[in-house]
Amino acid sequence: MIRNVIAVVMLIGLIIWGVQDYKERHGSSASGVRAREAQDGEAGRISGVRKDEIAPDFELATLNGGTVKLSDFRGKTVVVNFWASWCPPCRAEMPHMQKFYEAYKNKGVVLLGINMTHTEKSVDDVAEFVKQYGLTFPNLLDEKGAVSDQYNLVAYPTTVIIDADGVIRDTFLGAIDYDTLKKAVSRVR
């Protein structure tokens, strides 16, 4: 009996902690929403990470030393795939990502891989992974985890579908295959 009471008290405590943590990270006030609207620069549109919100902009380094900015792709459908080399589901979906990239790279669709570099042992692991899987789409380095945090990642891999206006249209948690990606993009275009 006492174990059950302790377990219930602990569960309630974890729930309260989770709610407080969420409020601190995301804010629940109208001023937070106004701040996101102001940052976005588009009247009436809220920048965020949920469906129908403007995707937060980012700029990240590529493996070859260049930089890529999400907003540079306005006017095109963008698929953003967050991954890590140590992640088994990420490994399983990479051949599907490459196949999708090859099929859609000349059809107004951009595929951006974002490696969660802050979780890797070394950037060399990222380069080796890209080479091993023959990835030819741009792979960006989230070295400090800022973009992963900005997009509130809770699962690896995560794929976000963004329309030509920069609006998030779909998010997939976990590995997806070519057909799922193809269907998701066809709904957006």
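Both faces of strand E6 are covered in this predicted model. On one side sit Thr-158, Val-160 and Ile-162, and all of them are buried. On the other side sit Thr-159 and Ile-161, and these are buried too. In a regular strand the side chains alternate between the two faces of the sheet. E6 spans residues 158-162, and 5 of its 5 residues are buried.

**Partners of E6**

What runs alongside E6? Strand E3, residues 77-83, pairs with E6 in the antiparallel sense. Strand E7, residues 168-173, also runs antiparallel to E6. Single residues show the match. Val-79 stands opposite Ile-161 of E6. Thr-159 has Phe-172 in E7 as its bridge partner. E6 and E7 form a hairpin with 5 residues between the strands. There, Gly-166 takes a positive phi near 85 degrees.

Elsewhere, strand E1, residues 59-62, pairs with E5. One bridge there joins Thr-62 to Leu-140 in E5. The table lists these pairings.

| Strand pair | Sense | Bridges |
|---|---|---|
| E3 and E6 | antiparallel | 5 bridges |
| E6 and E7 | antiparallel | 5 bridges |
| E1 and E5 | antiparallel | 2 bridges |

**The whole sheet**

In what order do the strands lie? The sheet is open, has 7 strands and reads E2-E1-E5-E4-E3-E6-E7. Its pairing is mixed. Strand E2 (67-69) and E7 stand at the edges, each with a single partner strand, so one side of each has no neighbour in the sheet. From one strand to the next, the twist averages 30 degrees.

Helix H6 packs on this sheet. H6 touches E3, E4, E6 and E7. The direction of H6 makes about 165 degrees with that of E7.

**The nonpolar core**

Which residues have the most contacts inside the largest nonpolar core? They are Phe-58, Leu-70, Phe-82, Tyr-151 and Ile-162. This core has 44 residues. Several elements give two or more residues to this core, among them E3, E6, E7 and helix H6 (178-188). Helices H3 (88-104) and H4 (123-132) do so as well, as do strands E4 (109-115) and E5 (139-141). H3 gives the largest share, 6 residues.

Ile-162 links two parts of this account: it is a buried residue of E6 and one of the core residues with the most contacts.

Phe-58 is another of those core residues. Leaving aside neighbours within four places in sequence, Phe-58 is in contact with residues including Val-68, Leu-70, Leu-112, Ile-114 and Tyr-151. Leu-140, the bridge partner of Thr-62, also touches Phe-58.

Note on methods. Residues numbered from 1 in each chain as written. Predicted model: local features only at pLDDT ≥ 70, side-chain atom pairs only at ≥ 80, totals over all residues. Heavy atoms only, no water. Buried < 20%, exposed > 50% of the residue type's maximum accessible area, 1.4 Å probe, protein only. Helix = DSSP H or I, 4+ residues; strand = E, 2+ residues; numbered from the N terminus. Pairing = 2+ DSSP bridges. Core = buried A, V, L, I, M, F, W, Y, C linked by side-chain atoms within 4.5 Å. Contact = heavy atoms within 4.5 Å. Axes fitted to C-alpha atoms, helices over the stretch in contact; angles between N-to-C directions.
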